[in-house]
Amino acid sequence: MPKIPVGLELVKRGVLTDTEVKKALEYQVLHPGMRLVDIIEKLELTDRKLLLEETGKIFGAEGIDIRPEDITVTLTEYYPLDIAKITKAIPFAVSNGRLRVAFSRPNDEESMKKIKLLALRKRSNIRTILYI
């Protein structure tokens, strides 16, 4: 999956204006460790639900806001905690035999491969979920 210019995509989809993206990018220069989507949320440049939905569409994943009651599996039931930290991917439920995994970086192919391999060991397919 190629890197997607999220800011440009969000402008094309009418979620943000050019000015709002510029503001987020300026903030990112001062905070280089932050992802653009996190900055957009922090600066409250758009509605969180809309941001989740549209960002999910950009990455080909379902964008949802996971609440504590949505978590119905134990993380270490599927893979070690250190893998979750490295991949920034958290299994949170099983639905129709598919493991639902929340990824903070759904365009990270290497992490996606690792998680899919680990899930296969448990005979689970993965449904990719985006969270921010």
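Mentor: Contact here means that heavy atoms lie within 4.5 Å. The model under discussion is a predicted one.

Trainee: With which residues is Ile86 in contact, leaving aside its neighbours within four places in sequence?

Mentor: Ile86 has its place in helix H5, residues 81-87. Its C-alpha atom is separated by 7.9 Å from that of Ser111, 25 residues apart along the chain. With neighbours within four places in sequence left aside, the contacts of Ile86 are Arg105, Ser111 and Lys114.

Trainee: Which residues does Thr87 touch, not counting those up to four places away in sequence?

Mentor: Thr87 is also found in helix H5. A polar atom of its side chain lies 2.7 Å from the backbone oxygen of Ile83. Beyond the residues up to four places away in sequence, Thr87 touches Arg105, Ser111, Lys114 and Ile115.

Trainee: Is Thr87 buried or exposed?

Mentor: The cut-off for burial is a relative accessible area under 20%. Thr87 has a relative accessible area of 1%, so this residue counts as buried.

Trainee: How far apart in space are Met112 and Thr87, C-alpha to C-alpha?

Mentor: Met112 belongs to helix H6, residues 109-121, and at 12% relative accessibility it counts as buried. Thr87 lies in helix H5. The two residues are 25 apart in sequence, and their C-alpha to C-alpha separation is 7.7 Å.

Trainee: In what order do the elements of the protein chain run from the N terminus on?

Mentor: The protein chain holds six helices and four strands. Read from the N terminus, the order of these elements is α-α-α-α-β-α-β-β-α-β.

Trainee: Which helix gives the largest share of the largest nonpolar core?

Mentor: The largest nonpolar core has 15 residues, and those with the most contacts inside it are Val6, Leu10, Leu16, Ala24, Ile40, Leu45 and Leu51. Two or more residues of this core come from each of helix H1 (6-12), helix H2 (18-30), helix H3 (36-42) and helix H4 (48-59). The largest share, four residues, is given by H3.

Trainee: How many residues are in the second, separate core?

Mentor: This second core is separate and includes Val73, Tyr79, Val101 and Ala119. Its number of residues is 13.

Trainee: With which residues is Leu45 in contact, leaving aside its neighbours within four places in sequence?

Mentor: Leu45 is among the residues with the most contacts inside the largest nonpolar core. Once neighbours within four places in sequence are left aside, its contacts are Leu16, Glu20, Lys23, Ala24 and Ile40.

Trainee: Why does the distance between the end C-alpha atoms of H4 agree with the expected span?

Mentor: The expected span is 1.5 Å times one less than the number of residues in the helix. H4 has twelve residues, so at 1.5 Å a residue it should span 16 Å. The agreement follows because the end C-alpha atoms of H4 are apart by that value, 16 Å.

Trainee: What is the phi of Gly60, the residue after H4?

Mentor: At the start of H4, a side-chain oxygen of Asp47 reaches to within 3.2 Å of the backbone nitrogen of Lys49. At the other end, H4 is followed by Gly60. The phi of Gly60 is positive, near 70 degrees.

Trainee: Is Glu54 buried or exposed?

Mentor: Glu54 is found in helix H4, where its side chain makes a polar contact with the side chain of Lys57 at 3.2 Å. Leaving aside neighbours within four places in sequence, Glu54 is in contact with Leu10, Arg13 and Val15. Burial requires a relative accessible area under 20%. At 11% relative accessibility, Glu54 therefore counts as buried.

Trainee: Which residue in S3 is the bridge partner of Val94?

Mentor: Strand S2, residues 89-95, is joined to S3 by six bridges, and the two run antiparallel. One of the pairings sets Ala93 opposite Arg100 in S3. For Val94, the bridge partner in S3 is Leu99.

Trainee: Which residue in the turn between S2 and S3 has a positive phi?

Mentor: Strand S3 covers residues 98-103, and five of its six residues are buried. S2 and S3 form a hairpin with two residues between them. In the turn, a positive phi of about 55 degrees belongs to Asn96.

Notes:
Residues numbered from 1 in each chain as written. Predicted model: local features only at pLDDT ≥ 70, side-chain atom pairs only at ≥ 80, totals over all residues. Heavy atoms only, no water. Core = buried A, V, L, I, M, F, W, Y, C linked by side-chain atoms within 4.5 Å. Buried < 20%, exposed > 50% of the residue type's maximum accessible area, 1.4 Å probe, protein only. Pairing = 2+ DSSP bridges. Polar contact = N/O pair within 3.5 Å; in protein donor to acceptor, adjacent residues only side chain to side chain.
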